[in-house]
Amino acid sequence: MTVRQRLLLVEDEPTLRELLSASLHLAGFQVIPAETGAQAVDAVREERPDLIVLDVMLPDFDGFEVARRLREHPVGHHGTHPPILFLTARDAAEDRISGLRAGGDDYVTKPFNLEELVLRIQAVLRRTSGRRTDGLLVVADLELDPGSHQVTRGDQQVQLSPTEFSLLRVLMENAGQVLSREQLLDQVWHFDFNGDDSIVASYISYLRRKIDTREPKLIHTVRGTGYVLRRPRA
């Protein structure tokens, strides 16, 4: 029997919530509905969904605040929160970037095509899935296990969001190679930001605060080019 992946659908408009719930159920997902930010935070703790479809405009606090609270108080598997797909009528580039900086993994604007929404959900689940069985990645005292989604630096476990994990994985798979912001956008986020690559700098900053808390520093900026995760010189 196929196990349905669990989606937390946070949408305060009843008609749209019912339509999306029915459509996502037909697409093979188990849907957990919520209509406020507070309900969403509680549902993540209680239900442990595989992904959150999160409306930005909610009656109590917005979806960006939901994402921030989940980032500050992770409750998912291995100390992370589930991946987040923002769903909103706000389509300005700064809104998309704000959502991704808050901890989102994708951003779909209304009105949208239901088939496209399902495909975007499936894409986020594929790239943030912990079911990969690839080999352990090791750089100096930093270890990343794709199978268990665990990261350690020395003897300390490091808690990362799904997007932070994906970014670190790309950097470690290409250790010693400078990757441009455009390459990282393509390999980690898989969509276009119309030339605005500031989201990469934000997530590099998040990683540094978690990974480079000790010497030697591993994540380096190559000015005018991009970023590299580099083994320390002997």
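**Close-up 1. Crossing of helices α6 and α8 in the predicted model.** The axes of α6 (residues 162–173) and α8 (residues 198–211) come within 10 Å and cross at roughly 85°. This angle lies in the range of 65 to 115 degrees, and the two helices are therefore roughly perpendicular to each other. On the α6 side, the contact is made by Thr-163, Glu-164, Leu-167, Leu-168 and Leu-171. Helix α8 contributes Tyr-203, Ile-204, Tyr-206, Leu-207, Lys-210 and Ile-211. Sorted by class, the contact has 8 nonpolar residues, 1 polar residue and 2 charged residues.

**Close-up 2. Helix α1 and its buried residues.** Helix α1 has 13 residues (residues 14–26), which at 1.5 Å a residue should span 18 Å. The C-alpha atoms at its ends are 18 Å apart, in agreement with that value. Leu-16, Arg-17, Leu-20, Ser-21, Ser-23 and Leu-24 are buried in α1. An α-helix has 3.6 residues a turn, so residues three or four places apart point the same way. The elements against which the buried residues of α1 pack are the strands β1 (6–10), β2 (30–34) and β4 (84–88), together with helix α5 (114–128). Just after α1, Gly-28 takes a positive phi of about 105°.

**Close-up 3. Cis peptide bond before Pro-111.** Lys-110 and Pro-111 are joined by a cis peptide bond, with omega of about -5°. Pro-111 is found in the loop between β5 (106–109) and α5. Helix α5 also appears in Close-up 2, where the buried residues of α1 pack against it.

**Close-up 4. Cis peptide bond before Pro-216.** The peptide bond from Glu-215 to Pro-216 is cis, and its omega is near 0°. Pro-216 lies in the loop between α8 and β11 (219–222). Helix α8 is the partner of α6 in the crossing of Close-up 1.

**Close-up 5. Positive phi at Arg-48.** Arg-48 is not a glycine, yet has a positive phi of about 50°. The residue sits in the loop between α2 (37–47) and β3 (51–55). With a relative accessible area of 37%, Arg-48 is partly exposed.

**Close-up 6. Positive phi at His-149.** In His-149, a residue other than glycine, phi is positive, near 60°. The loop between β7 (142–145) and β8 (150–153) holds His-149. Its relative accessible area is 18%. Buried means under 20%, so His-149 is buried.

Note on methods
Residues numbered from 1 in each chain as written. Predicted model: local features only at pLDDT ≥ 70, side-chain atom pairs only at ≥ 80, totals over all residues. Heavy atoms only, no water. Helix = DSSP H or I, 4+ residues; strand = E, 2+ residues; numbered from the N terminus. Expected span 1.5 Å × (residues − 1). Buried < 20%, exposed > 50% of the residue type's maximum accessible area, 1.4 Å probe, protein only. Contact = heavy atoms within 4.5 Å. Axes fitted to C-alpha atoms, helices over the stretch in contact; angles between N-to-C directions. Parallel < 35°, antiparallel > 145°, perpendicular 65-115°, else oblique. Nonpolar A, V, L, I, M, F, W, Y, C, P; charged D, E, K, R; others polar.
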